[in-house]
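Hi,

Here is the structure I promised to send over. Have a look at it first, and then read on for what turned up when I went through it.

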Amino acid sequence: MEDRERRLTQALAADPALRDSFDYILLDCPPSLGLLTLNALVAAHSVLVPLQTEFFALEGVSQITQTIERVKRALNPGLALEGILLTMYDRRNNLSELVAQDVRGFFKDKVFETVIPRNIRISEAPSHGLPVSLYDARSPGAQAYAALGAEMLRREKRA
Ligand SMILES: Nc1ncnc2c1ncn2[C@@H]1O[C@H](COP(=O)(O)OP(=O)(O)OP(=O)(O)O)[C@@H](O)[C@H]1O
Ligand SMILES: [Mg+2]
């Protein structure tokens, strides 16, 4: 199909009313770089990379930054790295802290200050058909996601 990596960009452009009804549109991608992910990277202004604080984390993240660079050059010059979000963070596990330090050392202020903890409420929420913010707004997981939203808004004001 012609322009196969621009189908989503075209669909969004074709419906200004849709686009104007939202302040933000989040495109949740599969972990692999298939045609769907590519469509999202071409349509997006920026990429938010959730990163599990585990041993192979840095390996995956260097791949995604390379991918972003390639998409920028070839298809979407405006694409930016919004930030890297450390998630599934486990305070009881030294490895989490080490990986977090590593990632911050490498990506500096591209890493959100907010960290999403490993939290059972987050994994329970989908089975109730709810986002964690409605399932248990007071849980550490929900509060962390709210803090992330606030941090993103603060960063945007600064930029
Ligand atoms: N911070 C967390 N604490 C505990 N469990 C979590 C947390 N974040 C996600 N989970 C659980 O881990 C599983 C995978 O999460 P999620 O679907 O967000 O990952 P994903 O990388 O988007 O997966 P996929 O590639 O399938 O889309 C889910 O069961 C989810 O409930
Ligand atoms: Mg997913």
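I'll begin with the ligand. One nitrogen atom of ligand 1 sits 2.8 Å from a polar backbone atom of Asn119. Pro117 does something similar: a polar atom of its backbone is 2.9 Å from a nitrogen atom of ligand 1. On its own, ligand 1 has 630 Å² of accessible area, and the protein covers 46% of that. Please keep in mind that this is a predicted model.

As for who lines the site, the shell consists of Pro31, Met88, Ile116, Pro117, Arg118, Asn119, Ile122 and Ser123. Sorted by class, that makes five nonpolar residues, two polar ones and one charged one. Two elements each give at least two residues to this shell, namely strand E3 (111-117) and helix H6 (120-124).

Now the fold as a whole. How many helices and strands does the protein chain have? There are eight helices and three strands, and read from the N terminus they come in the order α-α-α-β-α-β-α-β-α-α-α. The C-alpha trace spans about 50 × 35 × 35 Å along its principal axes. Of the contacts in the chain with a separation of 6 or more, 66% are between residues 24 or more positions apart.

A few surface numbers, in case you want them for a setup. The protein chain exposes about 10800 Å², with carbon and sulfur atoms supplying 56% of that area. Buried residues account for 30% of the chain's 159 residues.

The domain assignment splits the chain into domain 1 (4-118) and domain 2 (120-159). Their C-alpha centres are 17 Å apart, and the contact between them takes 15 residues from domain 1 and 13 residues from domain 2.

Two buried polar or charged side chains caught my eye.

- Arg155 is part of helix H8 (residues 140-158). Is Arg155 buried or exposed? Its relative accessible area is 18%, and the cut-off for buried is under 20%, so Arg155 counts as buried. A polar atom of its side chain lies 3.2 Å from the backbone oxygen of Asp109. Setting aside neighbours within four places in sequence, the contacts of Arg155 are Glu82, Asp109, Lys110, Val111, Phe112 and Glu113.

- Asn39 belongs to helix H3. With a relative accessible area of 8%, Asn39 is buried too, because that value is under 20%. What does its side chain pair with? A polar atom of the Asn39 side chain is 3.0 Å from the backbone nitrogen of Leu8. Again leaving out neighbours within four places in sequence, Asn39 touches Arg4, Glu5, Arg6, Arg7 and Leu8.

Staying with H3 for a moment, its buried residues are Thr37, Asn39, Ala40, Leu41, Val42 and Ala43. Which elements do they pack against? The partners are helix H1 (7-13), strand E1 (46-52) and helix H4 (57-74).

There are also two backbone spots that you may want to check by eye. Asp3, in the segment before H1, has a positive phi of about 55° without being a glycine. At 36% relative accessibility, Asp3 is partly exposed. Lys108 is another non-glycine with a positive phi, here about 50°. Lys108 sits in the loop between helix H5 (94-107) and E3, and it counts as exposed because its relative accessibility of 55% is over 50%.

Last on my list is Asp28, which is in the loop between helix H2 (16-20) and helix H3 (35-43). Asp28 is exposed, at 79% relative accessibility. If you want a distance to check against your own copy, the C-alpha atoms of Asp28 and Leu51 are 14 Å apart, with their positions 23 residues apart along the chain.

If you only have time for one part, I'd go back to ligand 1 and the backbone atoms of Pro117 and Asn119.

Cheers

How values were computed:
Residues are numbered from 1 along each chain as its sequence is written. Chains are lettered from A and ligands numbered from 1 in the order in which they are written. This is a predicted model: local features need pLDDT of at least 70, side-chain atom pairs count only at pLDDT 80 or more; totals for chains, interfaces and linings use all residues. Side-chain values use heavy atoms; hydrogens and water are left out. A residue is near a molecule or strand if one of its heavy atoms lies within 4 Å of it. A polar contact is a pair of N or O atoms within 3.5 Å; within protein, one must be able to donate a hydrogen and the other to accept it, and residues adjacent in sequence count only if both atoms are side-chain atoms. Accessible areas come from the Shrake-Rupley method with a 1.4 Å probe; for residues, only the protein chains shown count as cover. Helices (H or I, at least four residues) and strands (E, at least two) are DSSP runs, numbered from the N terminus. Ala, Val, Leu, Ile, Met, Phe, Trp, Tyr, Cys and Pro count as nonpolar, Asp, Glu, Lys and Arg as charged, and the others, Gly among them, as polar. Buried means under 20% relative accessible area, exposed over 50%, partly exposed in between (1.4 Å probe, protein chains only). Contact means heavy atoms within 4.5 Å. Domain bounds come from an automatic or database domain assignment.
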